[in-house]
Amino acid sequence: MTRSRRAVLVVVVVVLGQVATGATTSAGSCWRPPVSAPVADPFREPLCRWCPGNRGIEYAASAGDPITAVSAGEVTFSGTVAGRTYVVVRHPDGKRATYGNLADRLYAQGDVIATGAVVGHAAGAFHFGLRDGERYVDPAPFIGHLAGVVRLVPLDGTAASPAGPPRLVCSAAASVGIVQTSS
């Protein structure tokens, strides 16, 4: 096999491996949800910079629920704004995740945070926002959900093999890095 054919084969195997495992082709674009709570209010893009909308996702979290970092990065803000506590993390791709309405914060500005680390605890309903530069983007396409592995169950009376662990499944938009942005 020639060197160029081997390179093409390696690329195809890597891409197929990412698709099979639910990984994505753009770095950091598929995350576990920051909290184990249902979405109470999805992203609603405002019609103008000052117009009403929801510049993130509101989760129906309970006070004390742990809030985890969706991706590693550097804390660029940790403090209180208008009586609510926020932590903002800049990811290596430049996007900034906002964790809002926290009861406490476990990181200060300049700290480096790992994926899955507890950022703080919810003070009640929790806000998760995402910005690309100064534009708010819908974080939903970046957030995956855990799904069970599909398996066949024998009908001949033999014991079924145990189910595998759930895997993170992400939207098609996240897998190619597509996001909606506000104007």
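**Exercise 1. Find the backbone partner of the N101 side chain, then describe the surroundings of N101.**

Start with the polar atoms: a polar atom of the N101 side chain lies 2.5 Å from the backbone oxygen of A125. Before going on, note that this is a predicted model, where local features need pLDDT of at least 70, side-chain atom pairs count only at pLDDT 80 or more, and totals for chains, interfaces and linings use all residues. Residues are numbered from 1 along each chain as its sequence is written, and side-chain values use heavy atoms, leaving out hydrogens and water.

Next, place the residue: N101 sits in strand β6 (residues 96–105); strands are DSSP runs of E, at least two residues, and helices are runs of H or I, at least four, numbered from the N terminus.

Then check accessibility. N101 has a relative accessible area of 14%, so N101 is buried (buried is under 20%, exposed over 50%, partly exposed in between, with a 1.4 Å probe and protein chains only).

Finally, list the neighbours. Leaving out residues up to four places away in sequence, N101 touches R84, T85, Y86, A122, A123, G124 and A125 (contact means heavy atoms within 4.5 Å).

**Exercise 2. Work out the disulfides and their pattern.**

Apply the rule first: a disulfide is a pair of cysteine sulfur atoms within 2.5 Å. The count is 2 disulfides.

One joins C30 to C170, with S to S 1.2 Å. C30 and C170 are 140 residues apart, and both are buried.

Another joins C48 to C51, at 2.1 Å. Its S-S torsion is about 100 degrees, so this disulfide is right-handed. C48, at 31% relative accessibility, is partly exposed, and C51 is partly exposed at 22%.

Counting bonded cysteines along the chain gives the pattern 1-4, 2-3.

How values were computed
A polar contact is a pair of N or O atoms within 3.5 Å; within protein, one must be able to donate a hydrogen and the other to accept it, and residues adjacent in sequence count only if both atoms are side-chain atoms.
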